[in-house]
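Visitor: I should like to learn how to read a strand within a sheet, and then how to read a contact between chains. May we work through an example together?

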Amino acid sequence: MKWGMVIDLQKCTGCGECAAACKLENNVAIVEPRESEMGRTMLWMDMLTIYEGEYPRLRVRQIPRPCMHCDHPPCTKVCPVRATYMNEEGIVAQIYPQCIGCRYCMAACPYTVKSFNWYKPSFPPGMDRATNPDVSVRPVGVVEKCTFCIHRLQMAKEQAKFEARDLREGDFQPACADSCPTGAIVFGDLENRDHQVNHLAHSPRAEKLLEDLGTEPKVIYLKEVD
Amino acid sequence: MNISRRAFLQMLGATGALAGGASRIWAIPDEWREILRSGPRLETWKMSACGQCPAGCGIRVRLVDDIPVRILGNPIAPVNKGFVCPMGEAGLELLYHPDRIGQPMRRKGKKGEPGWEPVSWDDARKTISQALKGFKKGKQPGALGFLMGDRNTLLTEFAGEFVSRLGSSHFFPWRSPRINELGFWQGAGEFPPFAFDLTRTDFLLTFGTNLLEEPLSPVYFNRIYGGLKEKRARTGLKMVHVDARMSQAGRNATEWVQIRPGSMGVLALGMAYVILRDQTYDRNFVSRHTMDFREMVDRDYHPDRVSEVTGVPAQTILRLAREFSSAKAPLALSGGNLSSSETELFSQWAVASLNALSGSFSAKGLWREPVPVPWGTPSVSAFSPRSAAFSRKPENALGSDMPAAWVAERLPDLAAAGKIPDLEMLLIAQVDPVFLAANQKAWRDWLARIPLVVQCATMIDDTSPYADLVLPMTTYLEQWDLTLPTPDLPFSQLGLQQPVVSPVGGARSLGDILLHLGREAGVDLHPGSGGTPYGEYVEARMKQIFASGKGTPFFEAVSLEFLEDLRRRGWQVYSYPAFQDFWRLLREKGGWWDPGEYPAVDWNRRTFLFPTDSRMASLLKESMIPRSEEGGEKSAKTPNLWLEDGIRRPDGPDSFLLVPFTSLMNMTGDGASLPLLQEMFGLYPRLYWNTWAEMNPQRAARLQLKDGDLIRVISGKGVMTLPVRVVPTVSPEILSVPFGQGHTESGRHAKTIGANPIVMLDHRADPLSGRNSWQSTLVRVEKINR
């Protein structure tokens with residue numbers, strides 16, 4: 001089993017709903033204006049904007065960017081305390097209590113998906129009540145990033161076990177895939193031939209970000225054709 | 001005096017909030033925290049309808065131990081089909097906002113100065129009802145005004161009824177016009193405008209219309225755009241966006257055409273010129289409905305001349321016109337908030353004419369009439385430009401009057417011109433005119449002159465310092481209401497807003513406030529109702545729907561054809577023998593919808609016949625071309641001559657045309673109060689909690705500006721300092737600034753963050769529609785050396 005994600009840029013309109021849903025689902029702290037100016041805003045799902053060509057041939061590509069959950073993750077190799085590792089299902093996970101906050105992994109990640117908790121996670125007043133009770137809030141001094149909504153996987157597994165069956169496609173969807181109005185984000189088991197992601201990952205339009213680094217990302221983009 | 005602990009905390013919450021964010025005491029029950037910590041963690045879901053914008057998306061709210069923790073989309077709501085936008089996601093931040101007021105506030109100092117003292121509901125009601133009683137007795141007819149942000153809910157209609165029963169016609173709803181609304185109103189007297197169906201087009205031409213970032217259900221249109229983008233890879237569907245700035249609609253189109261702001265109508269008529277010359281228009285339509293359109297276009301809209309006015313190369317005009325006329329089902333859209341200019345109405349009329357030429361009104365399934373809600377035609381507020389009088393009229397009988405919503409922004413000007421009498425009392429709800437209006441100073445002065453201004457608001461906003469009394473209002477998550485169908489969409493729906501939690505603090509729903517106030521003044525808007533009368537009113541209105549037998553509560557998606565088939569055979573999806581069953585289903589499913597009579601379909605030939613054709617009788621007549629009534633001599637000239645006055649060009653190396661734009665993260669300006677949206681606001685430029693200015697690289701190079709440099713933007717109205725983003729997505733003539741920031745109040749997250757470009761706008765209006773222009777202010781830019 002190898003969890004992976006396919007993002008179809010031909011369908012994506014760049015609305016940013018995935019980024020908003022991700023923040024709320026995972027209780028990602030809101031960074032106040034002053035710290036934000038220092039580049040400390042935390043987005044597990046970011047939106048990259050790329051300008052191609054010049055007017056009148058200008059095209060703007062908008063690319064949602066979660067953690068790539070690489071098969072050869074550069075971040076795990078530099079972690080001195082094994083606070084970040086790849087689990088047996090291919091998810092690059094974080095163990096927050098183990099993290100010493102050295103930020104080597106942040107420097108190593110070519111996709112800059114990791115963010116550091118510079119402060120005790122303080123939600124703006126009132127916001128702490130709007131947090132998701134299924135996800136723990138990270139303490140100060142640790143690195144965090146997209147987990148493919150691993151808490152949802154755990155709940156889906158429990159439900160499947162309770163119903164005495166295997167996990168089905170669609171039982172487990174991260175918040176971004178769940179909230180995408182255009183259905184551009186598809187999630188599933190890359191090794192399972194019955195899963196849609198398996199087919200899409202072999203599409204001629206499939207490409208990976210910074211593929212030549214050999215990180216083998218498990219987030220695959222289907223590029224725009226026009 | 002006996003004060004309970006809770007009341008004391010609420011009072012502290014209210015005053016603490018006003019102290020400027022130093023206090024961390026909220027106006028919501030403290031028991032909740034304990035429940036969340038140690039409750040049994042019972043999860044429930046409640047269906048409701050979103051109230052962040054007028055689109056009326058269905059939402060389902062996740063509650064843990066009866067406390068809302070997350071808002072998601074209602075999967076069976078036909079508008080959004082299970083999805084929400086970032087504004088919808090952030091709804092709980094509004095509910096839990098620390099600066100929400102918990103009890104009525106009376107202003108302490110002079111008008112315009114903040115400083116409040118809490119008063120009891122009884123005192124507040126006494127003050128208001130005394131004034132209202134005077135109006136009821138008919139002492140000063142028309143001296144009562146009500147300015148209300150129209151969220152496209154039943155409440156707007158109800159509030160209008162409230163005002164007219166008190167003997168006044170001065171009900172001013174405030175909303176931005178819908179897509180094509182101005183053009184159709186002018187061309188065909190058509191109101192509400194026709195609905196359009198994007199999925200059937202093979203050439204989509206949007207004149208500034210940004211369906212993806214406007215409060216017309218961006219979720220619906222993002223979903224549709226996603227589908228169109230996928231489809232075009234297979235079918236060659238073309239999507240062309242014409243605008244001075246490449247908005248999301250432009251980024252998702254196949255082509256973006258830069259144009260000078262305000263000149264879109266000229267481009268549309270330039271295309272009409274080519275289509276007429278090529279003789280590729282719908283002859284049947286044109287021979288029946290046209291008089292002198294052709295002569296006018298031939299005379300004034302040669303592509304070379306159009307090119308000179310619009311800045312679009314003549315070749316592009318030729319190509320666009322030929323692609324448009326050779327497409328099987330071309331669709332041109334105009335309008336929306338962003339295209340407000342001095343030539344707005346003319347432009348929309350021109351674009352509507354382009355649709356008429358292509359013949360898309362008579363067939364092809366692109367346009368259809370909005371499906372009416374089966375409870376009789378609602379009354380709306382109308383404004384007569386000739387007599388400058390407001391009145392209440394049935395919605396589709398506006399005639400030569402225009403929807404009052406178009407002129408709400410210009411009320412102070414109308415008052416100054418003596419066109420509305422001096423008001424004795426003004427109620428304001430759900431809108432923040434001092435923040436939103438381009439003529440801020442006029443608003444401030446006007447509000448300061450009205451003896452009693454009462455505002456209903458969830459928190460103190462920019463308008464509040466000019467109110468004498470502020471009443472705490474519930475959010476959409478704590479109240480009953482019905483969201484009405486958006487006329488642009490090809491189906492009808494009513495979203496049921498029901499309280500997800502009981503009102504926090506001392507807030508009350510606006511419907512209940514109005515009902516109680518009315519009763520005290522001797523007007524009962526819903527006789528025989530009890531403690532939450534507005535909820536009962538909503539239920540009573542749904543009884544009318546039940547009695548009509550039309551539509552059904554939301555259900556899992558099936559195709560419209562299948563549904564039509566079911567209907568013909570006398571089946572329906574749910575069975576509800578009594579109203580109580582119907583009502584229970586509504587609360588469970590989140591609303592009612594009606595896909596309408598499926599347009600007359602010839603099932604053998606699969607052609608769709610629409611009745612829109614016959615109602616476009618006056619679209620292509622020069623005699624019907626919009627003319628200014630105030631224009632005097634100018635109105636006698638051909639339209640394009642006076643039109644050119646409204647198309648401005650920069651006049652120097654440091655001169656730009658200021659063009660504010662809206663973003664999905666803060667479509668209405670209210671989003672600035674919510675921290676999630678403050679962060680999301682800067683998602684694309686990576687400038688969070690801030691306002692920026694977008695400048696074309698050519699101009700930036702000439703001014704020696706780099707990305708991130710600070711600039712001073714100077715207009716006749718003011719100065720603002722902004723970081724500059726050098727991007728190729730704006731035309732060289734404009735400086736584009738996002739709208740939504742720069743509040744002076746509106747809670748701690750919005751206050752003093754960013755700048756408001758609307759403050760900078762010259763006060764110019766489209767003489768035909770009376771709407772303020774957002775695109776005709778020249779500014780100068782200076783570099784600030786750090």
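Guide: Let us start with one strand of this predicted model. Strand S9 of chain B, residues 203-207, is mostly covered, with five of its five residues buried.

Visitor: Which residues of S9(B) lie on one side and which on the other?

Guide: The general idea is that side chains in a regular strand alternate between the two faces of the sheet. In S9(B), one side carries Phe203(B), Leu205(B) and Phe207(B), and the other carries Leu204(B) and Thr206(B). Each of these residues is buried, and both faces of the strand are covered.

Visitor: With which strand does S9(B) pair over five bridges, and in what sense?

Guide: S9(B) pairs in the parallel sense with strand S12 of chain B, residues 330-334, over five bridges. Here Phe207(B) stands opposite Ser334(B). S9(B) also pairs in the parallel sense with strand S10 of chain B, residues 238-243, again over five bridges. In that pairing, Phe203(B) stands opposite Lys238(B).

Visitor: Through which helix does the chain cross from S9(B) to S10(B)?

Guide: The path runs through helix H8 of chain B, residues 218-235, and this β-α-β crossover is right-handed.

Visitor: How many residues of chain A are in contact with chain B?

Guide: The contact joins 39 residues of chain A to 48 residues of chain B. On the chain A side, the elements that give two or more residues are H1 (17-25), H2 (33-37), S2 (46-52) and S3 (59-65). H1(A) gives the most, with six residues. By class, this side of chain A has 20 nonpolar, 13 polar and six charged residues.

Conventions: Residues are numbered from 1 along each chain as its sequence is written. Chains are lettered from A and ligands numbered from 1 in the order in which they are written. This is a predicted model: local features need pLDDT of at least 70, side-chain atom pairs count only at pLDDT 80 or more; totals for chains, interfaces and linings use all residues. A residue is buried if 20 or more other C-beta atoms lie within 10 Å of its own, exposed if 12 or fewer, and partly exposed in between; C-beta atoms are placed from the backbone. Helices (H or I, at least four residues) and strands (E, at least two) are DSSP runs, numbered from the N terminus. Two strands pair if DSSP finds at least two bridges between them. A crossover is right-handed if, with the strands pointing away from the viewer, the path from the first strand over the helix to the second runs clockwise. Two residues are in contact if their C-beta atoms, placed from the backbone, lie within 7 Å. Ala, Val, Leu, Ile, Met, Phe, Trp, Tyr, Cys and Pro count as nonpolar, Asp, Glu, Lys and Arg as charged, and the others, Gly among them, as polar.
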